[in-house]
Each structure stands twice: as structure tokens, then as C-alpha cells.
Amino acid sequence: MTYEDIVFEKNNGIATIKINRPHVYNAFRGQTIRELIAAFREAWDDNRIGAVIFTAEGEKAFCVGGDQKEKGDEGGYDYGGGLGNGIGLEVENLHNTIRNIPKPVIAAVNGYAIGGGHVLHVICDLTIAASTAKFGQSGPKVGSYDAGYGSAYLARIVGEKKAREIWYLCEQYTADECKEMGLVNRVVAPEELQGAAQEWAEKILEKSPTAIKMLKYSFNADSANIAGISQLAMGSLAMFYDSKESEEGKNAFLEKRPVDFHKFRQ
Ligand code: 2NE
């Protein structure tokens, strides 16, 4: 497969998957999601690959979630479909692929990880962050939410109170703050980020592939019920995107004006 929105490389047992849309802070559109799924599947199917590094182009952003500029006039993103008949969001398929690929996925977060982009690193097995990276959820500010892995699994990592704070207040957190709350494994200087991810991937490659695979399955088993919650959440989100309330969030962001959700409380 040829990739346009991402760069996919395989080198000495390590696959590197890089989002390549720096002009929109590496926000994803439907095509990006489909390419990411294909690349993770390719890494999954290649027995020589023992670890995946998930990162992004540039210094500004890892990923800032769904591309608001590609969101349709009726609200829906171009990433429905792909999940069988009816309403859904294909991003759910990507989440499940990252969760279930039987090899560790290391997020190398090179800048903003916001909204759906934050969820992507949350789902990865390990996160190494540049000291300049910023983390946070933005959904409630822009008429969106991830009521699946993005909230339920986040709560497993940082605890219920902190996860609720992250989602209800939509603040941004530094890499060091995220390390403190267990959301990031390691913080390095920006110029050391890719080398640090490579070093950890190489350490994983020295280990027994079956032991690593079974450990990943074991870690996943405890939170596997979230997959079902995620299906419902993404289906409801696809419908919410068609609402006036969600549209107000998107439009305010695009028009660079304060959002007005007050009318939806009447
Ligand atoms: C990322 C952040 C915090 C950056 O703020 P700042 O002030 O440093 O920069 P600025 O000016 O806001 O953004 C820089 C450029 O990037 C674009 C902006 O429009 C701007 O472009 P220009 O005006 O210079 O041309 N940009 C940023 N985020 C974008 C996006 N998501 N789509 C398209 N263009 C984007 C700040 O920009 C921010 O908070 N961004 C909003 C992030 C956001 O709303 N993401 C979607 C959340 S919902 C989601 O991802 C999702 C989900 O919740 C569930 C399922 C699937 C998806």
C-alpha cells in the first residue's frame, strides 16, 4: 500500500509509523485513520517486527485529533464506515488495532497530543515524551467526546478523579506532569526523543516474543470490556456529530470565536 498521510518504515525488527500532516498539527482525517490501520496491520502480520514506534512529523504536534477542517457541513467527520452497516467511527477500529497488535507500541510524543490525538497515546503500551510536549483532552470544548478507551481506560491509568478533571476542564498538562500521574513513562529532550524510542524498542526486541505477546494479552484482558463501551461510545458520537450542539463546537473552533453552549442548557 502507498501512504500519503503517514510514513511507514521497517528497520531491523522495528516498525515506525509516523503521522505526516504537520500543516494541520498532524490532525487526522478519514484517510489518515485508514492508512494507520493498514500500517499497524502490516506491522502485525510481519513476524520480523517486534515493536512499533508511533510518532509524528515536525516539532509542534504528535496529533491534535480529528481534522476540524475536514469535518463535513452536517457535522460528521470523513471517518465513518469501515465497521459494517450503520453508524460508527472508523477511529474505533484504529484503537482496537493498536490495543490488539501483539507487539508493544511505543508512542514517541513530539508535541501537542490533544483530543483524539491524546487518546492515541493513551492506548499505546508505552509513552516517551519530548519535554516540550503538551497533553490534554479538548472534546467538551469543541462538541466531542471519547467515552470509550479515551475516558474509561484513561481512568485506569491516572485514576477516576484525575481522568474526570482532564475531561471536564480540558486543561493542558506538561510532559513532566504526565509522568507524575503515570500517563508518560519517560521524558527526554526533544532532540533525544526518536533515539530514546529506538533504544526501548531495541531492548524489547531482545526479549522473548511469545512472553511479550502473552504479557500484552494479559494486560489487555483486565480492561477488555472497554472495547464494548467503545463501540457504543463511537456510535453515539457519530450521531452527536450531526447535532447543532456539536456543530457549534466545531464552528466556533474554525471561526476562532468563543464557543456558546449556553443555548443547549435551556
Ligand atoms: C492544538 C492546540 C492546543 C494548539 O493551539 P495553538 O494556540 O498553539 O495553535 P492554533 O492556532 O490553535 O492551531 C494552529 C493551527 O493548527 C490548526 C489550527 O486551525 C491552526 O491553523 P491555522 O489557523 O494557523 O491555519 N489546528 C489545530 N487543531 C486542529 C484540528 N483538530 N483540526 C484542524 N486544524 C487544527 C489547539 O489548536 C487546539 O486545541 N486544537 C483543537 C483540537 C481539537 O479540537 N481536536 C478535535 C477534538 S475531537 C477528536 O479529536 C475526536 C474525538 O474526541 C473522538 C473521536 C475522534 C476524534
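This note goes through the predicted model point by point, from its cores to its cysteines.

1. **The main core.** The largest nonpolar core in this predicted model contains 55 residues. Those with the most contacts inside this core are Ile17, Phe40, Val52, Phe54, Ile98, Leu120 and Phe135, so these are useful names to keep at hand while looking at the structure, given that a core of this kind is a set of buried nonpolar residues joined through side-chain atoms within 4.5 Å. Helix 1, which covers residues 30–45, supplies the largest share of the core, namely six residues.

2. **A second core.** Apart from the largest core lies another one, made of 13 residues, and among them are Ala130, Val188, Leu193 and Ile204.

3. **Val52 and its surroundings.** Val52, one of the residues with the most contacts inside the largest core, can be examined through its partners. When neighbours within four places in sequence are left aside, Val52 is in contact with Ala15, Ile17, Phe40, Ala43, Ile101, Pro104, Val105 and Ile106; of these partners, Ile17 and Phe40 are themselves listed among the residues with the most contacts in that core.

4. **Helix 1.** What length should helix 1 have, and what do its end C-alpha atoms show? With 16 residues at 1.5 Å a residue, helix 1 should span 22 Å, and its end C-alpha atoms are 23 Å apart, which agrees. The buried residues of this helix are Gly30, Thr32, Ile33, Glu35, Leu36, Ile37, Ala39, Phe40 and Ala43. An α-helix has 3.6 residues a turn, so residues three or four places apart point the same way. The buried residues of helix 1 pack against strand 1 (6–11), strand 2 (14–19), strand 3 (51–56), helix 2 (91–100) and strand 5 (105–109).

5. **Thr97 in helix 2.** Thr97 belongs to helix 2, and this residue is buried, with a relative accessible area of 6%. Not counting residues up to four places away in sequence, Thr97 touches Ile37, Phe40 and Trp44; Ile37 and Phe40 also appear among the buried residues of helix 1.

6. **Strand 7 and its partners.** Strand 7, residues 126–130, is mostly covered, since four of its five residues are buried. Strand 5 pairs with strand 7 in the parallel sense over four bridges, and Ala107 has Thr127 of strand 7 as its bridge partner. Strand 7 is also joined by three bridges to strand 10, residues 186–188, and these two strands run parallel; here Ala129 stands opposite Val187 in strand 10.

7. **Leu254 in helix 11.** Is Leu254, in helix 11 (residues 244–254), buried or partly exposed? Its relative accessibility is 36%, and Leu254 therefore counts as partly exposed. Leaving aside neighbours within four places in sequence, Leu254 is in contact with Gln68 and Lys69. Leu254 and Lys69 are 185 residues apart along the chain, yet their C-alpha atoms are separated by 7.2 Å.

8. **The cysteines.** How many disulfides does the model contain? The count comes to zero, and the distances show the reason for the pair discussed here. The sulfur of Cys124 is 11 Å from the closest cysteine sulfur, in Cys63, which is too far for a bond, because a disulfide needs two cysteine sulfur atoms within 2.5 Å. Cys63 is likewise in no disulfide. Both residues are nevertheless buried: Cys63 has a relative accessible area of 0%, and Cys124 has one of 4%.

Definitions and conventions: Residues numbered from 1 in each chain as written. Predicted model: local features only at pLDDT ≥ 70, side-chain atom pairs only at ≥ 80, totals over all residues. Heavy atoms only, no water. Buried < 20%, exposed > 50% of the residue type's maximum accessible area, 1.4 Å probe, protein only. Contact = heavy atoms within 4.5 Å. Expected span 1.5 Å × (residues − 1). Pairing = 2+ DSSP bridges.
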